[in-house]
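Me: I'd like to learn how to read backbone angles in a model. Can you walk me through it?

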Amino acid sequence: MGSGRSTLPARAGVLAVTAAVVTAGSALLAAPASATTYTSIQSTSWSYIDSAQPKTSFVNPAGDAPIGAKITPDRKKHVSKSYFTFDLTGLRGAKVLSAELSGKETTVADCSVPRGTELWVTAPARKAPTWDAQPRELSKLDGPGSLDVCPSDYLDWDAAPALQQAIDAGLPSLTLVLRLPDGQQYNPRFARTYRPMLYVSLQKNQPPATPTALKTGQHPCADNPLVRPGGAALSATVSDPDDMNFSAEFAWWPVDHPDQRTTGTDDVYGSLSAYYDPGSQLADGVTYEWQVRAKDSLAASEWSGTCRFTTDFKAPAAGPVITSPDYDYSDITKGGTGIPGSFTFDAQGDTDVVGFNWGGGYVPADHPGGQATVQYTPTRSGPQDMYAWSVDAAGNTSPSGGYRFWVGSNEPTVACTPSSDYVGVPRQCTFSPRGNGGATAYAWKFNDGAETTVAAGPDGTATVTVTPAEPEQFQTLTVRTRLTNGNLTAATTHHPGIRLGEPTVDVPEGVRVGAPAEFTFHAVLPGSTTFGYSWDGGETMTVPALADGTAKATITPAESGYHQLTVFSTTASGVRSGSTDTYVDVASNQPTVTSTDYPEYVESGGTTIPGQFTFTSPVPGVVSYTYVLEDDAPVTVPAGTDGSATVTLTPLHAYSHTLLVTSTFGDGTQSETRRYYFLAKQISPQMTCDTNGYLRPGQEVHCTFTTTQPNAVAFRYVLGAQPEATVPATDGTGTMTFTVPADQTASSISLYVRSVNALGLLSDPLSTGFSVDLGSGTASARHAV
């Protein structure tokens, strides 16, 4: 230890905390075997003694801890030792694998003299030490190791042996004295002071705690239960102060054969509960004892006390017989909902049976193999089934026993006057008793309202008034009878008929985008004073009803297609009719586009061949049209006096083209956009050459171009990598001659040709190529478009 190196990192385990023991875990040191913990403890108190005041102990004073001699200004010599106490109660039973005690020098009288500081274990002291009453110094710790500085801010001693000895002795605390050796402590040159706190960083293992709270299934240990299959799961509460991953070892044996001890293990993995089910390892009709202990990789707890249970794996063979004097299947008038009846379960003398399970829970038999009677109050009328199971003392259950019976109908009858009428019209509804049980009152609710009670009259009936007010709601009147026994019957559900009084709607002819359209509403609900309407679920608008029950509303559609107009009427008292949904087909106001040169969706004309397109509007008042061909800039043309406009457009490539056209009206508004699709035929030159095979280096080739483009004036071509060249077109033809270079290295030569008309517009291209024989010189040719 004197080298300054230690078995534990010098500072990682030092924590400035006041608790006696703290768990540092991996923050202190690299993790060892999982059963160990790195912790740090600090001294809980300190004191020093002074030879100049031999009967005084200075306990937890302010300032640093002195050792050795010093001369005060009054010429007195003070010789001191400092004592430090550690609380060991949190380490009971621990095995210390390594422990490093550390401290820090704060002042040194003379750094040129060697450090002689010693740390001794003292005998336990019943009171604070004094110079005249010093506790016996028992053993000196190895060390200190130190950093090569003076004063040193880190000194360490091997504290493992002293710590383990104190723990094994069961001491609640450990006191150490920091001092100088006898040959130095009276010489002021060797005096030093230390920070008044020492720390111990240690790696330790403590055995798991002895398991507690033992249970067999759900039974505490003291119950000594009789258990059925699956009921002998053994469990206990376990803990380990060092490790979250440990195990519990369960042991069990027949009480009369302890030599047949069997064990099973549960890996806990952070839980505080251990569980093991011996299951199929148990025999029927045997009394077992069991116990458990907890184990980590280094230590085990004491075995727990023992628990006892007896197995019973045989269930009763037959289900109970069920009878009832109050309900049976032969009489459909007996009883009723809310009327209790007695039902008896009979084990038929099977003395293993101690009770019965049924829909209401468990009920004990009057004696083993006997009977039990339960009360059951039906909640619905008609045919029903009851099931019960015989249960033995271990909880084994028999096959089910069944009983089919009939419950008489005693739900109230409901009659409303009028039986059907418009929403908002009050109804007088009468409740009458039916079947058994009598009637003292009726509990009723209408739609989503609160349940209300109305007393029954002398004849057992009661009358209430309900008013259907929400046309979109399914009207429901729910009624239950309060019987003379105080119970309620099942409910009768009645649905008063209502006429929603939805208004009718007159839709004008020719509804079109951007044009005002007048709709007429006709009230059907009597007393309607207003109409509410919305277009496509938008804001609801309100218009008053005229004396004849009609109203008009003007709507200007913004988009074409089918749209939903929703209309309802409302009375002066706020009663609202049902809604009428009318679907209106709104015609578009987009312009019409026609072309005899380029009919829509028909391949016509061709590249660079102009065509005329005529725009007309189905709506008057057009002042201009704006069109866009492909990605060109928009172009606006005025409309003629007849509201039409004709434009000439020239497609510059073959196949598909898109023309977008929009009308502008005199008020500045615009129509929806018309998309017009047309196709232009491909217009490419044709070519013939005086070769029909492979070309050879040095060969001269003559080619003639023929145009299919109207009014072509020239041909533009690119041969291989040469610049573009032009030849005139005479009567639609042109010629060109080229020679294959003598030093030709490529095996092919490409040719790209287009015609051009007087306006400079180019046709679609012809792309072709020639194969060149660079070897044998044999002839072959190809042309590719």
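Me: Let's take Tyr655 in this predicted model. Is Tyr655 buried, partly exposed or exposed?

Reply: Tyr655 counts as partly exposed because its relative accessible area is 44%, and exposed would take over 50%. You'll find Tyr655 in strand β54, which covers residues 655–665.

Me: And what is the phi of Tyr655?

Reply: Start with the general idea: most residues other than glycine have a negative phi. Here, phi of Tyr655 is near 75 degrees, so a positive value in a residue that isn't glycine.

Me: Which loop holds Asn711, and what is its phi?

Reply: Asn711 sits in the loop between β57 (700–706) and β58 (712–719). Its phi is near 60 degrees, again positive in a residue other than glycine. As for its surroundings, Asn711 is exposed, with a relative accessible area of 65%.

Me: Okay, now peptide bonds. Is the one from Gly143 to Pro144 cis or trans?

Reply: As a general rule, most peptide bonds are trans. The bond from Gly143 to Pro144 is cis, though, with omega near 10 degrees. Look for Pro144 in strand β11, residues 142–146.

Me: What about the bond that joins Thr417 and Pro418: what is its omega?

Reply: Omega there is about -5 degrees, and the bond between Thr417 and Pro418 is cis.

Me: Where does Pro418 lie?

Reply: Pro418 is in the loop between β32 (413–417) and β33 (420–422).

Technical notes
Residues numbered from 1 in each chain as written. Predicted model: local features only at pLDDT ≥ 70, side-chain atom pairs only at ≥ 80, totals over all residues. Heavy atoms only, no water. Helix = DSSP H or I, 4+ residues; strand = E, 2+ residues; numbered from the N terminus. Buried < 20%, exposed > 50% of the residue type's maximum accessible area, 1.4 Å probe, protein only.
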